[in-house]
Amino acid sequence: MDIGVVFQCDPPASTVVDLAVEAEAAGFSHVWTFDSHLLWQEPFVIYSRILARTSTVVVGPMVTNPGTRDWTVTASLFATLNEMYGDRTICGIGRGDSALRTLGYPPTTLKELGECVHVIRELVAGRPVAYRGNEVRLPWVEPGTELPMWVAAYGPKALALTGEVGDGYILQLADPDIAAWMISTVRLAAEKAGRDPAAIKFCVAAPAYVGDDLAHQREQTRWFGGMVGNHVADIVARYGASGAVPQALTDYIEGRRGYDYSQHGKAGNTHTAFVPDEIVDRFCVLGPVESHLAKLRALRDLGVDQFAVYLQHDDKEHTLAAYGERIIPALRAEHAATR
């Protein structure tokens with residue numbers, strides 16, 4: 001199992017770059033960032049600096065969307081980074097949340113998302129593609145590059161689309177029972193579409209906090225239940241609360257009262273009191289090293305290829321170091337022993 005890390009692009013950007021360098025040294029495979037240009041700094045500028053100071057980590061957004069930038073611009077950004085630094089980028093993409101809602105726009109449609117995945121993938125590979133009634137391509141791209149397109153989804157139609165078009169699936173919560181349901185749904189959709197379900201990569205992303213003060217860790221990561229609840233609320237509004245997604249994912253949002261994007265993804269925010277401790281424990285990875293290893297092993301056994309650590313709390317450096325010194329080596333040793 002790969003271990004990635006997810007940063008917010010808070011100023012100064014140099015701190016994000018420094019943390020990315022530390023992550024590579026600690027053995028992390030991927031460095032992801034939020035992509036919401038009103039709330040944080042522009043990630044693609046920062047990616048260039050991260051790639052210049054590292055040599056192995058794969059870099060990309062978790063997640064971008066079809067509505068913020070023209071699709072050809074997004075493709076050109078990735079293709080340029082790949083030309084400059086080797087093929088070390090990845091694209092996490094979804095319908096759009098904070099990046100669009102803070103502009104007063106709704107998320108894009110699933111049809112647009114599927115088309116966007118195709119257009120970006122083809123352009124970054126140097127292949128021509130139909131776009132807005134014209135055939136377009138990036139003539140300066142050398143053939144042979146393939147940009148992995150990993151789709152983030154919760155709802156049934158989005159999960160089906162992921163199985164149909166995604167190279168990978170991003171699930172933003174770390175509950176093994178829910179992950180099992182989501183993964184099986186994506187695999188079934190891939191099979192129905194005539195694709196190889198085993199070829200799809202699965203990434204679980206969630207806050208991780210290493211330490212013994214569980215009460216404090218819960219308060220520092222409760223924001224995540226609010227963020228997930230914001231996505232789930234859209235699903236419930238569309239499908240109702242029975243059957244579209246696992247009941248454990250819908251029951252807790254009954255106490256939800258709106259969402260404040262000025263506090264999006266921030267520890268200690270004021271609008272997540274409705275999130276109970278049970279949900280925090282299920283969705284996040286908390287406690288001592290042994291607890292982290294136990295949950296990661298459970299996810300690995302479900303077929304999860306990567307766990308991406310959301311590092312939005314008050315002890316980033318210690319958690320980053322604990323993963324580098326104890327958790328990543330333990331998982332690598334177990335993998336080597338089974339080969």
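How are α6 and α7 oriented to each other? The views below are taken from a predicted model, and the legends begin with this pair of helices.

**View 1. The packing of helix α6 against helix α7.** Helix α6, which covers residues 156-165, packs on helix α7, which covers residues 176-192, at an angle of about 50 degrees and with 7 Å between their axes. The two helices are therefore oblique to each other, since an angle counts as oblique when it falls outside the ranges under 35, 65 to 115 and over 145 degrees. The crossing in which α6 passes α7 is right-handed. On the α6 side the contact involves L159, A160, T162, G163 and E164, and on the α7 side these residues meet W181, M182, T185, V186, A189 and A190. Sorted by character, the residues of this contact comprise seven that are nonpolar, three that are polar and one that is charged.

**View 2. The buried residues of helix α6 and their surroundings.** Within α6, the residues that are buried are A158, L159, L161, T162, G163 and V165. Their packing partners are α5 (110-124), β7 (149-152), β8 (168-171) and α7, so that both helices and strands surround them.

**View 3. L113 in helix α5.** L113 belongs to helix α5, and it counts as buried because its relative accessibility is 1%, where the limit for a buried residue is under 20%. Leaving aside residues up to four places away in sequence, L113 touches P66, I93, G94, R95, V151 and L161. One of these partners, R95, is 18 residues from L113 along the chain, and the C-alpha atoms of the two are separated by 6.1 Å.

**View 4. The largest nonpolar core and the contacts of M62.** The largest nonpolar core of the model has 105 residues, and M62, F224, F283, F307 and Y323 are those with the most contacts inside it. Strand β9, residues 201-210, supplies the largest share of this core, with eight residues. When residues up to four places away in sequence are not counted, M62 touches V6, W32, T33, F34, I170, Q172, C203, A205, A308 and Y310. M62 is also joined to V63 by a cis peptide bond, with omega at about 0 degrees, and V63 lies in the loop between β3 (58-61) and α3 (71-85).

**View 5. The loop before helix α1 and the packing of α1 with α2.** P12 is placed in the loop between β1 (2-7) and α1 (13-26), and the peptide bond that joins P11 and P12 is cis, with omega at about 0 degrees. Helix α1 packs with helix α2, residues 43-53, at an angle of about 40 degrees, and their axes are 9 Å apart. The crossing of these two helices is right-handed. From α1 the contact is made by A13, V16, V17, D18, A20 and V21, and from α2 by I46, R49, I50 and R53. Among the residues of this contact, seven are nonpolar, three are charged and no polar residue takes part.

**View 6. R132 in the loop between β5 and β6.** R132 lies in the loop that connects β5 (129-131) with β6 (134-136). Its phi is near 55 degrees, which is a positive value in a residue other than glycine. With a relative accessible area of 67%, R132 is exposed, as the limit for an exposed residue is over 50%.

Notes:
Residues numbered from 1 in each chain as written. Predicted model: local features only at pLDDT ≥ 70, side-chain atom pairs only at ≥ 80, totals over all residues. Heavy atoms only, no water. Axes fitted to C-alpha atoms, helices over the stretch in contact; angles between N-to-C directions. Helix = DSSP H or I, 4+ residues; strand = E, 2+ residues; numbered from the N terminus. Left-handed = near helix turned anticlockwise from the far one by under 90°. Contact = heavy atoms within 4.5 Å. Nonpolar A, V, L, I, M, F, W, Y, C, P; charged D, E, K, R; others polar. Buried < 20%, exposed > 50% of the residue type's maximum accessible area, 1.4 Å probe, protein only. Core = buried A, V, L, I, M, F, W, Y, C linked by side-chain atoms within 4.5 Å.
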